[in-house]
Amino acid sequence: VLILFSTSIFATYYCFNNKYFFEYPISLFMIWFSHFLNSGGALYLKSLELSLVTDQLIFPLSTITLISFFTFLIIISHMIYRNGSTTNKIRTKLCNFYSRHHLMEINNVNFLYFIGIIGVASKLYYLDLNVVRFDQSEAAGPGLFQDILEGLDIFIFAPIVIIFSQTLYGTQKDKKIRWFFLFYCLIILAISFGRNNRSVLFDVILLFVLIYLLVFLFGKIKSNRGFYIKVTVVLLLSIPVLNFFDTFSKIYLTERGTRGTRTPLESVKSFVSAFTSRKQNDEAFQRKQTLKKGRLFSETYYQNTLYNRINFLKIHDNINLAGRELSKDQIEDLKKFEVGRLISIAPQPIINIFTNDFNKRDYLDYSLGSYIYITVDPTRYGSTTLNIGSMLMELKIFAGYWLPIVILLMCIPVFVLFDSFYNKKLLLVSPILLISFFSTGRGVSNYFAAD
């Protein structure tokens, strides 16, 4: 606990230091928030549940020490980046390039409405609403049209940026945003229920909170009496609201086992039905959790299932355990699998130009975390597909003693790129960056967190 507490204090002090925060707010916020997700949040969340940080961890000292070490390496990398003349020149040139091409501002929110509708449609129509999920998985992998839709679904977060456009970019007050946002929320709920995907809903909520926090740190929200009243109300409502979302989260997990045998529309109906019979659903969830709790790579760290989505200390502990069980040949096989996942970013028709022996479906159906679990224990985890992994622990497995150099080489270009979307003179963040500011597994603010 002392190691975790000391690292959290150091990370917070470094990331929110007034001497340089407004020079590098994006990269500093990214470091702090990733630390909160990786380990720091455990102090707060475990305190809410009145339980020990070490509870449910197999290697608590080793895991916490390693994650803290990774945090220090990332901060050291940031110090090198912050004091490097070359890195700062590149960042400034990129920022000037974006400014010249009007990528740092919004003159008209209609474009955000347009791409927001495209993003929602991409997410909504990626799956056929009237066909069972299992029947929609092609053996040859997703087609070109589905690849395009998947690439466009990042724009689903554009409506969140519209809410802050007047505060950040000085656009005119838009009266239709209220009705549009209400319709947007209903569609998000439908997509989330239909795909049985918590992240569709929770990512939207968390992105709103993070952008609000960033706007507050920039001093664009007045700290008057009204503001403090709102903060007090939010704090008082936070516990019941979290409990409400925990109920939602449990329904997602209970319904997940049968989502492949239903159409998306049937999944929506089933979710609503489960929500109306919460007591019966809660009992089914508890039986399911009792079975999972004794598993080797159990991801149950908190009683509140929502907390398991915003702190990944248990995930890091799982990968730390798995890394001790892997042979050199298995590690090489994991490296090849990860390379395959990177290649799978490209559409299948483009991949086929270079080779006919590569099938994206072999890599898209599994996360690296799941593949590690399967490698260690294929009998128990053979049906596991999309478990959360740990980028930092996986880097340790792959890089070994070269890890500090790998983290340094990985961090500095990332810092340069993300900070280049920020204009320090105007305290202006590009809407391009805000749209991608948070998303499970691929956001800017959670870049260093579990993948």
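Rings of Phe, Tyr and Trp are taken as a pair if their centres lie within 6.5 Å, and planes under 30 degrees apart count as stacked. In this predicted model, a search of the whole structure yields 31 aromatic pairs. One of them joins Phe208 and Tyr212. The ring centres are 6.5 Å apart. The planes lie at 25°, so the pair is stacked. Both residues belong to helix H9, which spans residues 198–217. Phe208 and Tyr212 are four residues apart in H9, and therefore about one helical turn separates them.

Helix packing was examined for H2 (residues 25–48) and H3 (residues 60–82). The two axes come within 11 Å. They cross at roughly 175°. Angles over 145 degrees count as roughly antiparallel, so H2 is roughly antiparallel to H3. On the H2 side, the contact involves Ser27, Leu28, Ile31, His35, Asn38 and Ser39. These residues meet Ile67, Thr71, Ile74, Ile75, His78 and Tyr81 of H3. By class, the contact residues comprise six nonpolar, six polar and no charged.

The second largest pocket holds about 340 Å³ of space. Its lining consists of 15 residues. Phe111, Leu112, Ile115, Pro431 and Ile432 are the closest to the pocket centre. Two or more lining residues come from each of helix H5 (110–124) and helix H21 (431–435). The lining of the second largest pocket divides into ten nonpolar residues, four polar and one charged.

Notes:
Residues numbered from 1 in each chain as written. Predicted model: local features only at pLDDT ≥ 70, side-chain atom pairs only at ≥ 80, totals over all residues. Heavy atoms only, no water. Axes fitted to C-alpha atoms, helices over the stretch in contact; angles between N-to-C directions. Parallel < 35°, antiparallel > 145°, perpendicular 65-115°, else oblique. Contact = heavy atoms within 4.5 Å. Nonpolar A, V, L, I, M, F, W, Y, C, P; charged D, E, K, R; others polar. 1 Å grid on protein atoms, 1.4 Å probe; cavity = no way out; pocket = protein on both sides within 12 Å on 5 of 7 lines; lining within 4 Å. Points joined across faces, edges and corners; volume = space filled by probe spheres on them. Phe/Tyr/Trp six-rings, centres within 6.5 Å; stacked < 30°, edge-to-face > 60°.
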